[in-house]
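I opened this entry to look up how charged side chains pair up in the model, and how far each partner is open to solvent.

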Amino acid sequence: MAPRPGRQYHAHMKLADDDIERFIDMALAEDVGRGDITTAAVVPEPARLAADMHCRQDIVVAGIDIALGVFRRLAGECQTQVFTPDGARAAAGTTLAHIEGPARALLSAERTALNIVQNLSGIATLTRAFVDRIAGTGATLLDTRKTVPGMRLLAKYATSVGGARNHRMRLDDGVIIKDNHIAVCGGVGPAVAAAKAAGLRAIEIECDSLEQVRDALEAGADRLMLDNMDLETLRGAVAMARGRVPTEASGGVTLETVRRIAETGVDFISVGRITHSAPAVDIGLDFSDPGGGAD
């Protein structure tokens with residue numbers, strides 16, 4: 001069944017205005033450079049345009065306000081109106097927003113604005129597909145740090161719009177002892193002990209076997225990341241940890257496998273592909289005479 005246009009899904013992560021402005025600065029510097037020489041040459045300065053932004057496939061919207069901020073940055077006096085906000089499902093053909101203002105500025109901003117909303121909506125849409133697959137299991141979807149450099153804050157914003165919970169944002173944002181840490185430290189026990197000796201709390205540790213799960217529980221880990229385990233091993237690990245610490249399944253999770261993983265009883269499932277492999281969705285601007293646009 002196609003998503004219903006305009007339906008709000010849930011409250012999501014908020015972006016600070018300063019972070020949005022810095023991102024728009026970076027995006028426009030990358031795309032516009034010293035100026036849009038084509039538009040300046042062929043479009044008369046007094047010309048005005050109106051445009052409606054439409055999605056051409058079923059999506060979960062993310063980044064619409066940031067995209068409109070790009071237009072406002074280049075055309076301060078332009079008028080914008082959002083019809084379908086972030087977090088809403090939109091069926092193909094839905095009008096997301098209306099923009100009206102100086103033609104030169106709107107044309108120069110078009111690609112940057114569309115890149116933002118297409119990519120962030122792509123992340124939100126794929127995330128929502130994963131969330132839908134595990135509905136009713138009790139498991140919570142998590143994002144990861146597998147993001148394009150410079151895009152992490154916005155990518156994690158988009159996953160939250162899609163219904164995931166944000167995992168740690170940066171390395172200083174939480175303790176996760178991974179397999180390479182364990183290898184260097186000489187085992188699960190010594191790694192957890194070192195983290196505790198450093199005064200760290202809420203210690204999560206990656207386990208790839210039931211033996212490591214036992215060692216982690218004995219060492220006093222606060223959370224287990226169950227890495228690339230088959231379903232039988234996952235069920236065993238969950239049984240061992242139940243009532244003691246939360247469990248998180250990770251590694252190679254797909255839309256085809258996520259439901260079965262959730263049904264093992266894990267508390268969380270972390271999925272890298274919702275940020276590193278989400279395809280951009282199809283969103284376009286349809287320009288028209290500015291006389292009939294929204295105010």
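Before reading accessibilities I note the cut-offs: a residue is buried under 20% relative accessible area, exposed over 50%, and partly exposed in between. I also keep in mind that this is a predicted model.

I searched the whole structure for salt bridges, and the search returned 13.

I looked first at Arg 56 and Asp 286, whose side chains form a salt bridge with an N to O distance of 3.4 Å. Arg 56 sits in the loop between strands E2 (48-55) and E3 (59-60), while Asp 286 belongs to strand E13 (residues 283-288), so this pair ties together parts that are 230 residues apart in sequence. Asp 286 has a relative accessible area of 33% and is therefore partly exposed, and Arg 56, at 44%, counts as partly exposed too.

I then turned to Asp 132 and Arg 128, which meet in a salt bridge at 2.9 Å, N to O. They are four residues apart in helix H4 (residues 103-133), which means a separation of about one helical turn. Here I recorded Asp 132 as partly exposed at 35%, whereas Arg 128 is buried at 11%.

Next I checked Lys 156 and Asp 143, and found their side chains in a salt bridge of 2.7 Å, N to O. Lys 156 lies in helix H5 (residues 152-162) and Asp 143 in the loop between strand E7 (140-142) and H5, so the bridge ties together parts 13 residues apart in sequence. Both Lys 156 and Asp 143 are buried.

Last, I noted a network of salt bridges that links Glu 21, Asp 25 and Arg 73.

Definitions and conventions:
Residues are numbered from 1 along each chain as its sequence is written. This is a predicted model: local features need pLDDT of at least 70, side-chain atom pairs count only at pLDDT 80 or more; totals for chains, interfaces and linings use all residues. Side-chain values use heavy atoms; hydrogens and water are left out. A salt bridge is a side-chain nitrogen of Lys or Arg within 4 Å of a carboxyl oxygen of Asp or Glu. Helices (H or I, at least four residues) and strands (E, at least two) are DSSP runs, numbered from the N terminus. Buried means under 20% relative accessible area, exposed over 50%, partly exposed in between (1.4 Å probe, protein chains only).
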